[in-house]
Amino acid sequence: MSKNSVQHSQESVLSLVIRAFFWSALIALLLVAWTPNSLPTFSLGGLFGEKGARRAVVLLPTPTPPPSQVVGIISGHWKSDSGAVCPNGMAERDINHRIALLVQEYLRQQGYKVDLLAEFDPRLNGYRAAALVSIHADTCKYLGKEYTGFKIAPARGLKDPSQLENSIRLKNCIASRYAAETGLRYHPNSYSRDMTEYHVFNTIDPHTPAVIIETGFMNMDYDILVNHPAVVAKGIADGILCYLRNEPLHPATATPKPTATKAP
Ligand SMILES: [Zn+2]
């Protein structure tokens, strides 16, 4: 081999290496440029549940369970103030908290993740869940024998009408199960603005269905609220399950529907 041809073959190898490097760099560049484009599409879709983005959502790793599996329970006045107080010192906050803990336990047993939230919990800012229920009780003052029973107010859905629709369905489910479980009747004429304009309704995500329940009057309904919190809690939890599982409001009379395909 002459000196000339050695030099020539060295040049060919060098140009091959350069060419190979150029093409791999180009391919790598194309891949990098293409991938991030698809990322914002499905992460936004996942946040807002847009139909078009559904398929791509599967590609994202999910560090937390999807919101459809999460239920929020606000323990009324917890970490804030006592709420209503009876002459014997029994505070509404403590009545609410025992019930809230039992609701949490009951729903956990059914396979749901439950956030137990304080009255002004920082997590309530933009809070997302399949359902949110705030548990309160009404005054311990004696207002008359007719002041017995419970009432429920739904989130108003000012930013999203579907929130109101779903909150009303949640309200009806809880009212149905709660009345059956506790024997208490619905007391519609004692709403306060604390309920209909409940502060939490303004801070949560506008898609989260939410209600506030006054479980009873601490005067006339003292016995069931204080001595039978498990009965009260089961009424609320069964109502939430009725909503999540899309059960008929009156199971005894309605024709049974196939259970929802959504796993708890
Ligand atoms: Zn209260």
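I began with Ala-210 and found this residue in strand E5, which covers residues 210–217; I note at the outset that the model is a predicted one.

I asked next whether Ala-210 is buried or exposed. Ala-210 has 28 other C-beta atoms within 10 Å, and I therefore entered this residue as buried, the cut-off being 20 or more.

I then looked up what surrounds Ala-210, leaving aside residues up to four places away in sequence, and listed Leu-132, Ala-155, Ser-167, Val-200, Phe-201 and Ile-204 as the residues that Ala-210 touches. I also checked Gln-163, which is 47 residues from Ala-210 in sequence, and found a C-alpha to C-alpha separation of 7.9 Å in space.

Next entry: helices H4 and H7. I read H4 as residues 161–182 and H7 as residues 229–244, and found that their axes come within 7 Å and cross at roughly 145°. I recorded the crossing of H4 and H7 as right-handed.

Which residues of the two helices meet? On the H4 side I wrote down Arg-169, Leu-170, Cys-173, Ile-174, Ser-176, Arg-177, Tyr-178, Glu-181 and Thr-182, and on the H7 side Val-231, Val-232, Lys-234, Gly-235, Ile-236, Asp-238, Gly-239, Ile-240, Cys-242 and Tyr-243. Sorting the residues of this contact between H4 and H7 by character, I have ten nonpolar, four polar and five charged.

I turned then to backbone angles in the loop between strand E1 (70–75) and helix H3 (92–109), where I located His-77. The phi of His-77 is near 70°, a positive value in a residue other than glycine. I made a note beside this entry that most residues other than glycine have a negative phi.

Lys-79 lies in the loop between E1 and H3 as well, and I read its phi as near 65°, again positive in a residue that is not glycine.

I wanted to know how buried or exposed these two loop residues are. His-77 has 23 other C-beta atoms within 10 Å, so I marked this residue as buried, whereas Lys-79 counts as exposed because Lys-79 has 12 C-beta neighbours inside 10 Å.

My last entry concerns the protein as a whole, for which I counted seven helices and five strands. Along the sequence I followed these elements in the pattern α-α-β-α-β-β-β-α-α-β-α-α. Of the 264 residues in the protein, I noted that 34% are buried. Taking contacts between residues at least 6 apart in sequence, I found that 73% join residues at least 24 apart.

Methods. Residues are numbered from 1 along each chain as its sequence is written. This is a predicted model: local features need pLDDT of at least 70, side-chain atom pairs count only at pLDDT 80 or more; totals for chains, interfaces and linings use all residues. Axes are lines fitted to C-alpha atoms, for helices over the stretch in contact, and angles run from 0 to 180 degrees between N-to-C directions. Helices (H or I, at least four residues) and strands (E, at least two) are DSSP runs, numbered from the N terminus. A crossing is left-handed if the near helix is turned anticlockwise from the far one by less than a right angle, and right-handed if clockwise. Two residues are in contact if their C-beta atoms, placed from the backbone, lie within 7 Å. Ala, Val, Leu, Ile, Met, Phe, Trp, Tyr, Cys and Pro count as nonpolar, Asp, Glu, Lys and Arg as charged, and the others, Gly among them, as polar.
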